[in-house]
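Here is a short briefing on one protein model. Keep the sequence and the 3D view open as you read.

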Amino acid sequence: MKLRILGNKLRFRLTQNEVSELVNGLTVSDSVDFPIGESLIYSVATDDRISEMKASYKEEIIRITVPKDTLENWENDDREGIYHTINSEIGPFEIAIEKDF
């Protein structure tokens with residue numbers, strides 16, 4: 001999985017295997033391991049209890065959670081990505097989760 005950060009925009013690019021894992025309810029994660037012994041972990045998961053995409057950052061972990069029904073048939077359909085904007089008091093926060101194959 002690749003992560004691109006530009007301001008308040010996160011763009012995740014998932015391999016075919018990662019898309020399949022995500023659609024099947026598994027969490028997809030990766031990390032950046034810094035030479036000082038600390039890591040930035042980023043993950044994408046699914047949840048059938050939510051109705052819109054969520055984002056959080058706690059304990060050096062970026063977590064994106066996608067509604068399960070949003071991912072239905074995604075690995076087999078022609079949608080390149082899933083996109084969502086979270087509006088907050090500091091402005092829009094954009095999330096893109098895209099196929100990288």
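Which residue takes a positive phi in the hairpin of β1 and β2? Gly-7 does, with a phi near 60°. That hairpin has 2 residues between its strands. Keep in mind that this is a predicted model. The points below go through one sheet, then the other, then the loops and the surface.

**The sheet with β1, β2, β8 and β7**

- This is an open sheet of 4 strands, in the order β1-β2-β8-β7. The pairing is mixed.
- β1 (2-6) and β7 are the edge strands. Each has a single partner strand, so one side of each has no neighbour in the sheet.
- On average, neighbouring strands here are turned by 10° against each other, direction ignored.
- β1 and β2 are antiparallel and share 5 bridges. One pair to find is Lys-2 and its bridge partner in β2, Arg-13.
- β7 pairs with strand β8 (residues 91-99) over 8 bridges. This pairing is antiparallel too. Look for Gly-81, which stands opposite Glu-98 in β8.
- Helix α1 (residues 16-23) lies across β2 (9-14) and β8. The helix runs at about 105° to β2.

**The sheet with β3, β4, β6 and β5**

- This is an open sheet of 4 strands as well, again with mixed pairing. The order is β3-β4-β6-β5.
- Why is one side of β3 and of β5 left without a neighbour in the sheet? β3 (28-33) and β5 (54-58) stand at the edges, so each has a single partner strand.
- From one strand to the next, the twist averages 15°.
- β3 is joined to strand β4 (residues 39-47) by 6 bridges. The two strands run antiparallel. Asp-30 has Tyr-42 as its bridge partner in β4.
- The hairpin of β3 and β4 has 5 residues between the strands. Gly-37 in this hairpin has a positive phi, near 95°.
- β5 and strand β6 (residues 61-67) are antiparallel, with 5 bridges joining them. Across from Tyr-57 stands Ile-62 in β6.

**Positive phi outside glycine**

- Which residue in the loop between β5 and β6 deserves a look? Glu-60 is found there. Its phi is near 65°, a positive value in a residue other than glycine.
- Is Glu-60 buried, exposed or partly exposed? Its relative accessibility is 43%, so Glu-60 counts as partly exposed. Partly exposed covers the range between under 20% (buried) and over 50% (exposed).
- Asn-73 also has a positive phi near 65°, and Asn-73 is not a glycine either. Find Asn-73 in the loop between β6 and β7 (81-88).

**A nonpolar patch on the surface**

- Which residues form a nonpolar patch on the surface? They are Val-32, Phe-34 and Ile-36. Together they have about 300 Å² of accessible area.
- Val-32 sits in strand β3. Its relative accessible area is 34%, so Val-32 is partly exposed.
- As a rule, side chains in a regular strand alternate between the two faces of the sheet.

Technical notes:
Residues numbered from 1 in each chain as written. Predicted model: local features only at pLDDT ≥ 70, side-chain atom pairs only at ≥ 80, totals over all residues. Heavy atoms only, no water. Pairing = 2+ DSSP bridges. Axes fitted to C-alpha atoms, helices over the stretch in contact; angles between N-to-C directions. Buried < 20%, exposed > 50% of the residue type's maximum accessible area, 1.4 Å probe, protein only. Patch = residues over 30% accessible without salt bridge, like charges linked within 9 Å, V, L, I, M, F, W, Y side chains within 5 Å. Areas by Shrake-Rupley, 256 points an atom, 1.4 Å probe, with all protein chains shown as cover. Salt bridge = Lys/Arg side-chain N within 4 Å of Asp/Glu carboxyl O. Contact = heavy atoms within 4.5 Å.
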